[in-house]
Structure formats: structure tokens, C-alpha cells
Amino acid sequence: LPPFGISFTADVMGAAFALAAAFVAICVVIYMALDTPESAVRDGAYPLVLLLVAGVSGAFLTGDLFNLYVWFEVMLIASFGLIVIAGNPVQLDSAVKYGVLNFLATTLFLAALGLLYGTLGTLNMADIIGTAKKADPALLATIGALFALAFGMKAAVFPVNAWLPATYHTPPASISALLGGLLTKVGVYAFIRIMVELLPMARDVLAPAITIVAIATMIVGPLSAIAETNLRRAIGFLLIGGVGIAISCVPKGQMFVIFGGVAYVVSSILVMSALYLVAGLIEKAQGATDTREMGGMYAANSLISILFLVLVLAVSGIPPFLGFWPKLLLLQGFITDGDWLLVFSILFNSLLTLIAGTRLWSHTFWRPRANPHVPPQGLGGAVLLTGTVILLSLFPNLLLKAAGTAAGELLDPSTYISAVGLSP
């Protein structure tokens, strides 16, 4: 029993995130036949993908904060290997930026763990929920700020987000899909888990700062995407904007807001991974990464055109596509609380994301150019993932029911505590 044993606890939020991550990994492995060089396969691309999925799944399902740190290290090792696996200079440069920032975030995380253990005498999540109520609120707020900074760097929130657009566009598109779809979401997951469920008193103190950071992140991301011409780098900025929306649920601790935040993370895992895969198909067909050098894709392959447009509408939150339902829940919660600044920020994010996405679409597909050659390999993985996004867009009840249950468990963790043998 806690605090001695290290437990794994699959509540609805952790299980839903792990399921989404595993499904994305299946689609990416199907796609990898397209853009993974033979040398990268020999160097261990597939084992590194499995190691990354193991780290992500372990982080979503662990019930112990030190064990969460261990799974972060596993993810860091695997992702570092995947970023450099083709070995060109651009990848090596991005790996240095990625590594330095993530090592710093991991160090902050470990420091916060040491302080929390010294304060509470436990790192089991269920045990922390009860013991934190008896601790000094000011000390917990300081520890919570360290956690927030560490996970903010992992999730790429503004202003500690510069490493993501400098990194995620450099490896093959299949690796970009894994990194963009899964790694930042683990940071968001840990942020929500600790601030909402484990340290709500620290969250209440830090709420104004978290709100400011969330708003800045959701606005700066798509604004930067509008000005970007590199296709996958622009998608990276859209990913950053989505992180701002996901963490905007944290300061409130209100049912509808947490409900929307959890649903948004699951939808973003699927949508952003699919967007990177489709972008990889476009780059392969065009022989270029800069949208100024692209065009003619609509005439060459209308299927890819439709896939990309559906995903742009989904990430923008245009009804009835997948991103709309979580944003609707978030808006409902913020309107109920009278938080009109966050309401305006989410709507403004949707508008900017739509402008950035349709700009990319028009440059790539609508502008006339000699018809590019579209390779058939890898299309299956992108179609499978995008098809799932469309299915969940039209029939979102399963996702919303799971997210609602997860939000209820976060706000009332008695079931979670009982699951590891403690009394709530």
C-alpha cells in the first residue's frame, strides 16, 4: 500500500488518453513504410516507436508521481532517438534544442518531486490527495508553481514553447505525428492531473497566472502559424494554440470546463497526428516543405485535399467537426462562470486557426501548378486516422460520455483513492 508501493491506476481519463495514443501509434506504423529510410529501420526506428508508446502509456496510467518522472525519462530517450534517427544536420540541430529544454524541464520536475516528498512524505497520487489538505498552502503553492513550469515546458506553453516549432518539423512526418500527437499531451495530462486532482489549493493560488499563460498560448500559436510558410512548422504552431485551449480548463476546476478540457485533449491527439501524416503526404508529392513552392494538389489528388480540409476544420472547431464539441463545452463552462475573456480568447483562437489552416490549404491545393506525383504508400494510415476523426465528429457521444465521467472522477477522486486500497 502507499506510500511504499508503486501503483498503476487506470481511471477513465488515463485509459482514454492511453487508448488514443495506442491507436495513433498503429496508424503511424502503417504510415511509416512511406517515409522511413531503410537506414533508419536498421538503426531501430520501430523499437524506438514501441519504447515511446510504452513511455506515453506508462505516464497516462501510473498512480505514482516518481514513476511518472521515470516514464517521462523513457519518453525523452525514445523521442531523442527518433528525432536524430535519419542523422541529417537539421535534425541534429533540432535535437540539441529539444534535449536542452526537456532536460531543464525534467530537472524542475525532479526538484518539485523532492520538495513534495519532503513536505508530504508520499508521492502516491491517491495518497497525496488526502495528505495535501493538511500541508502548508503557501509551500504547496510554491511546489505547484515548479510543477506548472516543468509541465508547461513539456507541453510547450507560451513563453517556453520555442523548442517545439524548431523541432517537430525536422524528422520524417510519421515521427512528427507521434511527437506532436502524444508528447505535448502527456505534459497537458500531468498538468491537469496534478493541478485539478492532487493540488487544488495550489491551483487556486496560481489560477490567475495559469489563465494568462493559457490565453497567450492559444492566441500566439495560430498567429505565428499565419506568418509561417513551412507546412509542418505551421502545424506545430497550431498545435501550440491547442495546448493553450487544453490548459484553460485548469484554473476553474468546474465540471463543464474540465469536461471540455479532457475531451479536447483526446480530440487533439487524433487530429494533430492525422494532420502531420497528411502533411507528410503533401510534402512527398510536392518535393518541398515550403508552401510557397507548392500547388496543384487538388487536381492531383482530391482525397488528400479533402482529408487536409477536414482536419483544418476539426482543429479550428468548426461544427460539426471534432474540435467543435470540446470547445462548446469549454464555452458553456466559461459563460456559466461569466469569464468572458476566456470565451473571447477561445473564439478568437478558432478564427485565427481557421485563417491559418485555410491559408495553408489554398497555397497547397488551390494555387495552379504542374500536377505533382502522389505516392500511394502511407495513405492507409492517414485515411484510417482521419476517418476516425470524421466518425467521432458525427457520433461524439462515446467521447463525450468518457470525458464527462473523467471530469467527475477528477473533481471527486474518492473512487480513484479507493482503487489503490486507501480510504477516501
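A pocket, as the word is used here, is an open set of grid points with protein on both sides within 12 Å along at least five of seven lines, and its lining residues have an atom within 4 Å of a point. Keep that in mind as you look through the close-ups below, which show a predicted model.

**View 1. Helix α1, from end to end.** Helix α1 covers residues 12-35, which makes 24 residues. How far apart should its ends be at 1.5 Å a residue? The expected span is 34 Å, and the end C-alpha atoms of α1 are indeed 34 Å apart, so the two values agree. While you are following the helix, pause at V29, where α1 bends by about 30°.

**View 2. The largest pocket and the residues around it.** This pocket has a volume of about 320 Å³. Its lining is made up of 14 residues, and those nearest the centre are L19, V266, L392, L398 and L399. Four helices each give two or more residues to this lining: α1, α11 (255-286), α16 (379-394) and α17 (397-411). Which element gives the most? Helix α1 does, with 6 residues. Sorted by class, the lining of the largest pocket has 13 nonpolar residues and 1 polar residue, with no charged residues.

**View 3. The largest cavity.** A cavity differs from a pocket in that a 1.4 Å probe fits inside but cannot get out. The model has 4 cavities of 30 Å³ or more, and the largest cavity holds about 90 Å³ of space. Helices α4 (65-84), α5 (89-120) and α8 (173-198) each give two or more residues to its lining. Helix α4 gives the most, with 4 residues. If you would like some residues to find on screen, the lining of the largest cavity includes F72, M75, Y98, W163 and T184. What classes do the residues of this lining divide into? There are 7 nonpolar, 3 polar and 1 charged. Among the lining residues you can also look for N102 and K154.

**View 4. Two cysteines, C27 and C249.** Are these residues buried or exposed? C27 has 0% relative accessibility, and because buried means under 20%, C27 counts as buried. C249 is also buried, with a relative accessible area of 0%. As for sulfur-to-sulfur links, the count of disulfides in this model is 0.

Note on methods
Residues are numbered from 1 along each chain as its sequence is written. This is a predicted model: local features need pLDDT of at least 70, side-chain atom pairs count only at pLDDT 80 or more; totals for chains, interfaces and linings use all residues. Side-chain values use heavy atoms; hydrogens and water are left out. The expected span of a helix is 1.5 Å times one less than its number of residues. The bend at a residue is the angle between axes fitted to the seven residues ending there and the seven starting there. On a 1 Å grid over the protein atoms alone, a cavity is a set of points where a 1.4 Å probe fits but cannot get out, and a pocket is an open set with protein on both sides within 12 Å along at least five of seven lines; lining residues have an atom within 4 Å of a point. Grid points are joined across faces, edges and corners, and a volume is the space filled by probe spheres set on the points. Ala, Val, Leu, Ile, Met, Phe, Trp, Tyr, Cys and Pro count as nonpolar, Asp, Glu, Lys and Arg as charged, and the others, Gly among them, as polar. A disulfide is a pair of cysteine sulfur atoms within 2.5 Å. Buried means under 20% relative accessible area, exposed over 50%, partly exposed in between (1.4 Å probe, protein chains only).
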